[in-house]
Amino acid sequence: MPAKKKSAKVLRCPTCGGLVRAKDEDFPFCSDRCRKIDLGKWATGVYKISSPVLDPEVLEDLGGLTGGHSQGSNDE
Ligand SMILES: [Zn+2]
């Protein structure tokens, strides 16, 4: 009697979106090339640039600009 038959785990390559099997040598990338491309993105700061809001200094700036005036600044 066979045990539970697991279907091969398949994910998508973060670089090219191609299908990758968990047993592949370069998992989670579909190939060594895609792995290197992904590492290159990190090295060149592409991912940092895509999320500048996470920079604490930027958050401070935004807080300073919007902190004083909330709604209801009319004198009555
Ligand atoms: Zn790929």
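The exercises below work through a predicted model of one chain, each with a solution in steps.

**Exercise 1. Establish which secondary-structure elements the chain contains, in what order they run, and where the confidence is lowest and highest.**

Begin with the inventory, which comes to three helices and two strands. Reading from the N terminus, these elements follow the order β-β-α-α-α. Next, consider how far the prediction can be trusted: the mean pLDDT of the chain is 75, and 49% of its residues reach 70 or more. Finally, go through the elements, where confidence is lowest in helix H2, residues 46–49, at a mean of 59, and highest in strand E2, at a mean of 92.

**Exercise 2. Decide whether phenylalanine 29 is buried or exposed, and find which residues it is in contact with beyond its sequence neighbours.**

First locate the residue: phenylalanine 29 lies in the loop between strand E2 (19–21) and helix H1 (32–44). Then count its surroundings, which hold 22 other C-beta atoms within 10 Å; because the cut-off for a buried residue is 20 or more, phenylalanine 29 is classed as buried. Buried residues make up 7% of the 76 residues in the chain. For the contacts, set aside the neighbours within four places in sequence, and the list for phenylalanine 29 reads Cys13, Pro14, Thr15, Val20, Cys34, Arg35 and Asp38. As a further distance, phenylalanine 29 and glycine 17 stand 12 residues apart in sequence, with 9.0 Å between their C-alpha atoms.

**Exercise 3. Determine which peptide bond in the loop before H1 is cis, and what phi glycine 45 takes just after H1.**

Start from proline 28, which lies in the loop between E2 and H1. The bond joining phenylalanine 27 to proline 28 is a cis peptide bond, with omega at about 5 degrees. Moving to the other end of the helix, glycine 45, just after H1, takes a positive phi of about 85 degrees. For comparison, most residues other than glycine have a negative phi, and most peptide bonds are trans.

**Exercise 4. Test what span helix H1 should have, and work out how many of its residues are buried.**

Take the length first: H1 has 13 residues and, at 1.5 Å a residue, should span 18 Å, because the expected span counts one less than the number of residues. The end C-alpha atoms of H1 are 18 Å apart, so the expectation agrees with the model. Then turn to burial, where the number of buried residues in H1 is zero, so the helix lies largely in the open.

Two residues of the helix serve as examples. Lysine 36, found in H1, has 14 C-beta neighbours inside 10 Å and therefore counts as partly exposed, while its C-alpha atom is separated by 9.3 Å from that of threonine 15, 21 residues away along the chain. Isoleucine 37, also in H1, is partly exposed because 15 other C-beta atoms lie within 10 Å, and its C-alpha atom is separated by 9.9 Å from that of proline 14, 23 residues away along the chain.

How values were computed:
Residues are numbered from 1 along each chain as its sequence is written. This is a predicted model: local features need pLDDT of at least 70, side-chain atom pairs count only at pLDDT 80 or more; totals for chains, interfaces and linings use all residues. Helices (H or I, at least four residues) and strands (E, at least two) are DSSP runs, numbered from the N terminus. Two residues are in contact if their C-beta atoms, placed from the backbone, lie within 7 Å. A residue is buried if 20 or more other C-beta atoms lie within 10 Å of its own, exposed if 12 or fewer, and partly exposed in between; C-beta atoms are placed from the backbone. pLDDT is the predictor's confidence in each residue, from 0 to 100.
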